[in-house]
Structures are given as structure tokens and as C-alpha cells.
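Subject: Structure handover

Hello,

Here is the structure I promised to pass on. Please load it before reading further.

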Amino acid sequence: MGRGANGDGTAAPELTRRATIKDVAVAAGVSRSTASRALTGRGYVATDVRERVLAAAENLRYVPDATARYLKQQVSLSLGVLVSDLRNSFYARLAAGVGQAARTQGYSLVLAEDGGSAEAQVEAAETFVATRVAGVVVTPVSADVTTYLSRHRIPVIEVDRQFAAGACDAVVVDNQTASQQVIEDLIGLGHRRIALFIDETTWTTGRERHAGYQAALAAAGIPLDPDLVVSSGWDVDAARSAATALLRSDERPTAVFAANNVLAEGVWRAANDLGLRIPDDVSLVSFDDAPWMSLVTPGLTAVAQDEAALGAAAVRRLLERIAEPQAAPVTVMMSTRIVHRESTRAVRP
């Protein structure tokens, strides 16, 4: 670590530990309270003294202690964000949106992922409580994490999925309407055997996307075929295996709606494994528009969510909750859009 300068111009001793505000004060030749006012900008400090303190802080590489600041002021300037899987572009971009919005409001992030485990979510929540975050944005996999944080009076916003509707703020999209529109578009192209690849129907996301699929079929008078609703696991390999079994059958569907981007990748890979051409042999649509979908040929039609906007909206709602802790819970509904590419076509006569 570099050497600073004392107030009398002599060199300050080289530190072998993290610099404290006391070290900055000694190096600048001022009192600790003066150094604090100069660094925080709160209270009067002469211009030349402020510059001397700032220079000493830079020379010593001083970083304020957030924990000490919290203990003194009872104000935290960090937010927790807990998502299911940062390898999935949806969650990565959502977390990025949270981070960008938080920084503009002067907050730092404590980031964690849970791998889709309710137990891991509660463990992460324990860390958030221990580090005294001001609030948490979470993509929940059960009500446990929200219950735990609320019990410790930590404001929490559910995003993408809801497990505590009416008891907790949330930022979500209209999954059912978007899914229904996708299926209606496929029906309009003459498709009648439309498969739904879905990971679960117990979370609000899966349940609502499944409901949209059913509603579109019912409105068109197409009977629901249980064999075309495929529970395809949680990862690409599981979806690929399930899609291979369905697409190699004599009664394969003419179109597939994958309920998220991970399942869409599995179906895409299975079709290629079997030598099926998209969309000539099977049309494919995804809920979630991942970056790879615009890079492949043909490009994949998808329901696009603005993940960064979801994250930013969650931060805004969280800060509103922090400011008004007794206000009634609010659910913010964000819009989606269908990005039409070349992965669908009309059924051949």
C-alpha cells in the first residue's frame, strides 16, 4: 500500500492493514470528525481542508466501512437480490437490471443464486438478514423465503413468480395472455397438434402459461390431448430427451410451444438430432427470448420479456416499500411482446 502524507508534510507510515477514518484524519492533520465531514459531505469543512482529506483518503485507499455506517446511522445502502440460476440468461439479465437501477439510487448489491432450491433460498435469506440489507428482490420457488424475510422485517419484492400474492409486493408479467396469443397464432397457421413443453405447473409462471395454452385450444374447439402436454424437467438435457421421444413418434406434433428458453433449447437440439427441419417439419415457439434465438437459422419466434425493466421495476417498488412499510401490497404487471422470426409456418395441405 502506498504512503500517504501527514498534515505537516512528512510521509505517513505505510499501512499493512485496511485504512480507517482515523488513519485518514492523522494523514491529513485534522480531527476524526473533520475527516468524517469532509468524506461524507455533511457539515462545513474549508475547501483546502476537504481537498487535503480527500487526497489522504485516496493515498491510503480508504474505503468506508458499510457495517460501521449502518450501526451508527441505522441506514443500509445495500440490497439483496436472489435468483434461481445465473447461467440462465433470463435471470442474469434480470439481476443486471436490478443492479443498474440500484446503483442509480446509491445502493450496492448482495447477489446470490439458489439453484431452484427452497432450502437454499432461506439460507441466502439468512445471509441477507445477517448483512443487514435494506431489502430483497427475489425470484421465489416457495413462500418460505418471503415468510422468513418478512418475519425479520426485511422488505421483499417477488419478481417473475408469486407465492405470497396479497401479502407481498410483486413484479410479474401476464403469462396467460401471452401464452394464449402464441397458441392462437399457431392455430391461425392451421396447427391442431400443438405440444406444450413445460417444467412445472405449481408456480405461477408455469400454471399461467399452461392456462393460456388450454384457453386458446378451447376457444378454437380443439380437444386437449394430454399426450401433447410434456413435463420436460428443469434443464436442457431433460427437455432434449423428452422432445426426442415425442418428435420421433408417428403422431408427432406439427408445432411445439416451449414454456421457457431452457426448454426451447432442448426441443431445438432434439429436432436437429432427428434431422427435422424447423419450421418445415415442426414449428417452434418459446416463452422467453434468449440471445441465441436471434443467432440461429431460422431465428426462433419468442415471447420477449424485458428482464432489465423487470429488475428496475422491482427496485422502484422495493424503495417505495422501504419508504412506506405499512402501505398495502402492490402487484405490478409488466407487458410482453411476441418477437416473430422464422421458426413457424403454415401447415401444409
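Below are the findings, starting with confidence and ending with the backbone.

**Confidence**

This is a predicted model. The mean pLDDT over the chain is 89, and 92% of the residues reach at least 70. Confidence peaks in strand β8, residues 255-258, at 98. The low point is helix α4, residues 66-73, with a mean of 48. Two stretches have a pLDDT below 50. One is residues 1-5, which still has 18 contacts in the model beyond near neighbours in sequence. The other is residues 70-75, with 6 such contacts.

**The sheet**

There is an open sheet of 6 strands with mixed pairing. Its order is β7-β6-β8-β9-β10-β12. The edges are β7 (229-231) and β12 (337-339). Each edge strand has a single partner, so one side of each is left without a neighbour in the sheet. On average, neighbouring strands are turned by 20 degrees against each other, direction ignored.

At the β12 end, strand β10 (residues 301-304) runs antiparallel to β12, and 3 bridges join the two. A304 sits opposite R337 of β12.

Two helices pack on these strands. Helix α9, residues 204-219, lies across β6 (194-198), β7 and β9 (283-287). Its direction is at about 175 degrees to that of β6. Helix α11, residues 261-273, packs on the sheet and touches β6, β8 and β9. The angle between α11 and β9 is about 160 degrees.

**Helix pairs**

Two packed helices are described by the angle between their axes and the distance between the axes. Two pairs are worth listing.

Take α6 (residues 118-130) and α7 (residues 144-151). Their axes are 9 Å apart, at an angle of about 20 degrees. That angle makes α6 roughly parallel to α7. The crossing is right-handed. On the α6 side, the contact uses A118, Q121, V122, A125, E126 and V129. On the α7 side are D144, V145, Y148 and L149. By class, this contact has 7 nonpolar, 1 polar and 2 charged residues.

Now α1 (residues 21-28) and α3 (residues 47-60). Their axes come within 9 Å and cross at roughly 120 degrees. That makes α1 oblique to α3. This crossing is right-handed too. D23, V24, A27 and A28 of α1 meet R52, V53, A56, A57 and L60 of α3. The residues of this contact divide into 7 nonpolar, no polar and 2 charged.

**Backbone**

Most residues other than glycine have a negative phi, and most peptide bonds are trans. Where are the exceptions to look at here?

- The I278 to P279 peptide bond is cis, with omega near 10 degrees. P279 is in the loop between α11 and β9.
- The T297 to P298 peptide bond is also cis, with omega near 0 degrees. P298 lies in the loop between β9 and β10.
- R132 has a positive phi, near 60 degrees, and is not a glycine. R132 is in the loop between α6 and β3 (135-138).

Both cis bonds thus end at a proline in a loop next to β9. The R132 loop follows α6, the helix that packs with α7.

Best regards

Notes. Residues are numbered from 1 along each chain as its sequence is written. This is a predicted model: local features need pLDDT of at least 70, side-chain atom pairs count only at pLDDT 80 or more; totals for chains, interfaces and linings use all residues. Side-chain values use heavy atoms; hydrogens and water are left out. Axes are lines fitted to C-alpha atoms, for helices over the stretch in contact, and angles run from 0 to 180 degrees between N-to-C directions. Helices (H or I, at least four residues) and strands (E, at least two) are DSSP runs, numbered from the N terminus. Angles under 35 degrees count as roughly parallel, over 145 as roughly antiparallel, 65 to 115 as roughly perpendicular and the rest as oblique. A crossing is left-handed if the near helix is turned anticlockwise from the far one by less than a right angle, and right-handed if clockwise. Contact means heavy atoms within 4.5 Å. Ala, Val, Leu, Ile, Met, Phe, Trp, Tyr, Cys and Pro count as nonpolar, Asp, Glu, Lys and Arg as charged, and the others, Gly among them, as polar. pLDDT is the predictor's confidence in each residue, from 0 to 100. Two strands pair if DSSP finds at least two bridges between them.
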